[in-house]
Structure formats: C-alpha cells, structure tokens
Amino acid sequence: MASIFCFKNVIFGSACKFQNTKFLFFKSLESRPIRYASSLKPTSDYDYDLVVIGGGSGGLAAAKEATNLGAKVAVLDYVTPTPLGTKWGLGGTCVNVGCIPKKLMHQAALLGEAIHDAKSYGWQVGDNISHSWEALKDAVQAHIKSVNWVTRVELRDKKVEYINGLGTFKDAHTVQTITKQGERLLKARYFLIAVGGRPRYPDIPGAVEYGITSDDLFSLDRAPGKTVIIGAGYIGLECAGFLVGLGYEATVMIRSVPLRGFDQQMANIIVAEMEDKGVKFLQKSIPKSVEKLDSGKLKVTWTNEAQQEFSDEFDTILFAIGRRALTKELNLDTAGVKVAGDGEKVDAVNEQSNVPHIYAVGDVLYKKPELTPVAIHAGRLLARRLFGNSTVNMDYENVATTVFTPLEYGAVGLSEETAASRYGEDNIEVYHAYYKPTEFFIPQKNIRHCYLKVVALREGDQKVLGLHFIGPQAGEVIQGFAAGIKCNLTMNALMSTVGIHPTIAEEFTRINITKRSGKDPNPASCCS
C-alpha cells in the first residue's frame, strides 16, 4: 500500500519553512522495498559486488550501470599483443580495432569517391588527387587514443576501479590477476565475463609469421599495397572495400559463400558491386601456404575446388576467417563454468552461466549476435537486474546491422532463406525493388545494385519478418525501420506511410511488387 502525507504551512526542524504550498510525499509505491546495491555493502567475504573481466563495450557498460546503482565494481582488462606486436588501450575491439577505425577508413574511401563525383557537380577539382595512408592512419589512431583517455576518465569519475591485468579464475568467487604491482586476488559476489574475441589464423605455413588481421590493419605502419584478404565475412569485405577505395589492389579469397548468415541474394549483390569497384574475388579457394620472398613480397599459394594450385605475390595478407572467444585463458573449469559444444563460448540463459553468480555478455556468448550495441544493451540490462530490481531481459531477436562495404548493406530481421525455412515458401511474400538515388543522377553512377526487399508473412496484414537494403547510408536507413520491426510492422502499415521525397529511405514506403508476381521491379520514374 502506498502511504501519502499532505503538508501545508509546515516548519521542518527549524531548518526550512514552507507556506501556502502543498506537498505529496510517497513513502512507498510497491509492497516490496526498493533494494539497490548501495544497501548491499560488501561483506567480509567479498571485496566487490561485481568484478568485470574484460574492458570492452559490454563489460564497461555493465560496470558503469552497476556503479550508478550503488555497486562496488572493478574492471580487469589486458590486451595480449598480436604476433606482429600490435596492442591497444582500454575500450575493447570496437573502439580500438573494430567498428570505429573501420567506419573512419570506410568514410575516407567514400570521400575519395565523392571528390571524383564533385567534378560532375561543377567543382573544379584537379586530376592529381592522391591519398596518404600514413596521414589517415595517424588521424585514426589519434582519435582512438582520445577515446581510450575519455574511457579511463569516465571510469574514474564513476568510481569504477580499473585494473590493467589479465583475470583468471582461482575459484568460483575469486579471480587472480598479475599487475605491475604484483599478484592480486579479487573476491566478488558476482562476476561478468566480457573478454570478447580475437581473430583466428589458419593452420598453414607462414600464416602467423607473415600474415596480419584486423587487429593490425588500422595501425599498420606502412601502406598495405597489394592485399589479399582471406575470408569473405563482413570484416573481410569491409576491409577489401575501403582498401580499393583508398587506391590499393584487393583480392578476396572465398572458401564457401560470402557473408555467411546474411541473406544470400543480398550478399551476392554486394559481391557484384565490389567487383565493379575493382575488388577481385577467388571463389571456392583455400590458402595453403605463405612464403616471404627475397624481394619482401609474400607469395601466397592456394587451391580451388578442382584442386588446382595457384600462387601470386602480395604486399599484405589479411586473415579474416572468424574470431575465437578468449575463454580458454580464464580457467573457467576452476570456477565450474561450462562452455558450449564449440569448446569456447558460454551457453548462457539471460546472460547467466551454469554457475548462478557468473554471467557473460558480448562475443563470448554462444549463438548470440556478435555486435557492439548488443553487448552494451545486454550489459546495462544485466546490471539493472542485479542491482536495481529490474526484471527486463535482453531481446536478441530482430537486431539491425550494417555491412559497411562501398555500397552498404543494412538488414534487420529474417533473411529470405530463413523465413522460407521457418514458415514455408508458400506462407511468405517477398516484396522487392531497384531504385535510383537522386545523388547518383548527375555523376551517372552505377545504380544496378541499388536494391531493397521486404520479407513478410503472406496472410492478414502481412507482418514484416525482415527488411534488407543495399545503398548509400544503409545503416542510417535501416535503423529507423528496426524500431518498426520491434513494433510488429506490417506491409499494410508500411505501404500506408508517406515517404520523405527525395530520399532513399522512402523506397521502403513505395515498394509494392512481389517476386511471386514476376513483374519488373525496376523503377519507371522517380517522382510518380
């Protein structure tokens, strides 16, 4: 029961006098008392309410939210150098060797293309245009270091203890770390595993000695030159895209299919667009060895599906064949934490492992999206459940994402293949269209890969199951529609929406042709 007290013309303890003013004081709005971590002072058994192992986006988000709710928190973070010797500061993959430097280099490539487009719009631009890898690399690294510093300051301001050390479990309630000051043992009520992952290297001669990964590329102290990228996931394609945009030769070696896990029609359109941009693709190919020649070049040998052997010389070989979760370094068995069938990832329910007080967020979770915003959101929600009496769990369904290739690909929801498998081909409707970005008209840019589709249920108002968009600023376009998907968007609602003209996002409101109809999805006019 809520208790309500009303006061008028009251003097409180001779300190304050209130006249002609009414106040409502609510003693309690629920039958249960609000219980925050500030009321849970660490007992003699524990040094902390929460110890976070890993200083990436998810772990830091959880740590900061927990301290906001009164918890005593420590964060352990340590970066093991790559075989090339690359290391970085606090903030995890996204800030240092992932999303942020990738997007900045993608933007650099887009600006190079825009300079050429500017001529068509009347700008007097000389023909002697060049790019400096060193200048770009230095600018990107300067920004990253500024973010590292801000992150350290924010942890200090929020009273989160930062420990630059690698944490390993000594028992279920104790983590051991070695710092410059020596060994430390940290006992906590809860632990959060947020160590993320690192790129894999193939088990072939010369791979580790002469190859690099995305952990090295963004701080590479020389221009990449002619580069072969092994792997055609989003990391491999994004790197190939901006390298070509910056003026370097790039070849992508595909073992099976591009963008595994994404809609394959859209993935193949992206490959076709990248080929038009100058990226070379080696289909169904597997690397066999890397050898350093006397010239300093790297000789890469590979075979195709017919077992034919080929070789070529490159300046750089970049491996993008997937990532491994950094759980083996944690001694999880000592704490009793079980990993999934892959032997690396934590198979958690609502981020909780089989050990009730040990949780995990981010890329270490089994069969969960490996995306920075997912880790951040899950970390915050977990902290609120542990220390703020919240009951809200993370929803891992319908998470939007974008592949930052030269022509970007944004998606949310189910791929066409997954929808057909889950609901049956006869029970889904696929709307699709090609479109013409207004900005492409004057420079006469290629529009044949500007494409979108909506996957929906066939019955009733046709609930939307997935949206897919290839074009400029795809991430900006798809983000708003992701909220619509969360609100159970239907084709009826989508086609009833008036678009903003002329924009590329409005194409989703104009879409009306289904694949089943067999009609031409190419636009006849931009304004009717």
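Here are some numbered notes on the structure above, which is a predicted model.

1. **The whole protein.** Let us start with the broad view. The protein has 14 helices and 25 strands. Its C-alpha atoms fill a box of roughly 80 × 60 × 55 Å along the principal axes. Of the 528 residues, 47% are buried. If you take contacts between residues at least 6 apart in sequence, 62% of them join residues at least 24 apart.

2. **Helix H1, its length and its cover.** Helix H1 runs over residues 57-68, and its twelve residues should span 16 Å at 1.5 Å a residue; the end C-alpha atoms are 17 Å apart, so the two values agree. Is H1 mostly covered or mostly uncovered? It is mostly covered, with ten of its twelve residues buried. The buried residues include a run of small names you can pick out by eye, among them Gly58, Gly59, Ala61, Ala62 and Ala63. Lys64 and Glu65 are also on the buried list.

3. **What H1 packs against.** The buried residues of H1 pack against three strands, S5 (48-53), S6 (73-76) and S10 (182-193). They also pack against helix H4 (133-157) and helix H10 (372-387). After H1 comes glycine 70, which has a positive phi near 95 degrees.

4. **Helix H3 against helix H4.** Now follow H4 to another partner. The axes of H3 and H4 come within 10 Å and cross at roughly 145 degrees, and this crossing is right-handed. On the H3 side, Ile100, Pro101, Leu104, Met105 and Ala108 make the contact, while H4 brings Trp133, Leu136, Val140, His143 and Ile144. Sorted by class, the residues of this contact are nine nonpolar, one polar and no charged.

5. **Helix H3 against helix H7.** H3 (residues 99-120) also packs with H7 (residues 234-245), at an angle of about 35 degrees and with the axes 8 Å apart. Here the crossing is left-handed. H3 contributes Lys102, Met105, His106 and Ala109, and H7 contributes Glu238, Phe242 and Gly245. What classes do the residues of this contact fall into? They divide into three nonpolar, two polar and two charged. Look for Met105 in the model: it belongs to the contact with H7 and to the contact with H4.

6. **A pair of phenylalanines.** A search of the whole structure finds twelve aromatic pairs. One of them joins phenylalanine 169 and phenylalanine 191 in an edge-to-face arrangement, 5.3 Å centre to centre with 70 degrees between the planes. Phenylalanine 169 sits in strand S8 (residues 168-171) and phenylalanine 191 in strand S10, so the pair ties together parts that are 22 residues apart in sequence. Both phenylalanines, 169 and 191, are buried. Strand S10 also appeared in point 3, as a partner of H1.

7. **Helix H12 and an aromatic cluster.** The 13 residues of helix H12 (residues 474-486) should span 18 Å at 1.5 Å a residue, and the end C-alpha atoms are 18 Å apart, so the values agree. Buried residues in H12 include Val477, Ile478, Phe481 and Ile485. What covers the buried residues of H12? The cover includes strands S21 (401-403), S22 (408-413) and S25 (464-471), along with helices H13 (491-495) and H14 (507-510). Phe481 has a further role to note, as it forms one aromatic cluster with Tyr435, Phe469 and Phe508. Just after H12, asparagine 488 takes a positive phi of about 60 degrees.

8. **Two loop residues.** Finally, here are two places in loops. Arginine 260 is in the loop between strand S13 (250-253) and helix H8 (264-277). Is arginine 260 buried or exposed? Its relative accessible area is 58%, and the cut-off for exposed is over 50%, so arginine 260 is exposed. Serine 219 lies in the loop between helix H6 (214-217) and strand S12 (227-230). With a relative accessible area of 27%, serine 219 is partly exposed. Setting aside its neighbours within four places in sequence, serine 219 is in contact with Thr86, Lys137 and Gln141. From serine 219 to isoleucine 178 it is 41 residues in sequence and 27 Å in space, C-alpha to C-alpha.

Key. Residues are numbered from 1 along each chain as its sequence is written. This is a predicted model: local features need pLDDT of at least 70, side-chain atom pairs count only at pLDDT 80 or more; totals for chains, interfaces and linings use all residues. Side-chain values use heavy atoms; hydrogens and water are left out. Axes are lines fitted to C-alpha atoms, for helices over the stretch in contact, and angles run from 0 to 180 degrees between N-to-C directions. Helices (H or I, at least four residues) and strands (E, at least two) are DSSP runs, numbered from the N terminus. A crossing is left-handed if the near helix is turned anticlockwise from the far one by less than a right angle, and right-handed if clockwise. Contact means heavy atoms within 4.5 Å. Ala, Val, Leu, Ile, Met, Phe, Trp, Tyr, Cys and Pro count as nonpolar, Asp, Glu, Lys and Arg as charged, and the others, Gly among them, as polar. The expected span of a helix is 1.5 Å times one less than its number of residues. Buried means under 20% relative accessible area, exposed over 50%, partly exposed in between (1.4 Å probe, protein chains only). Rings of Phe, Tyr and Trp (its six-membered ring) pair if their centres lie within 6.5 Å; planes under 30 degrees apart count as stacked, over 60 as edge-to-face and the rest as tilted.
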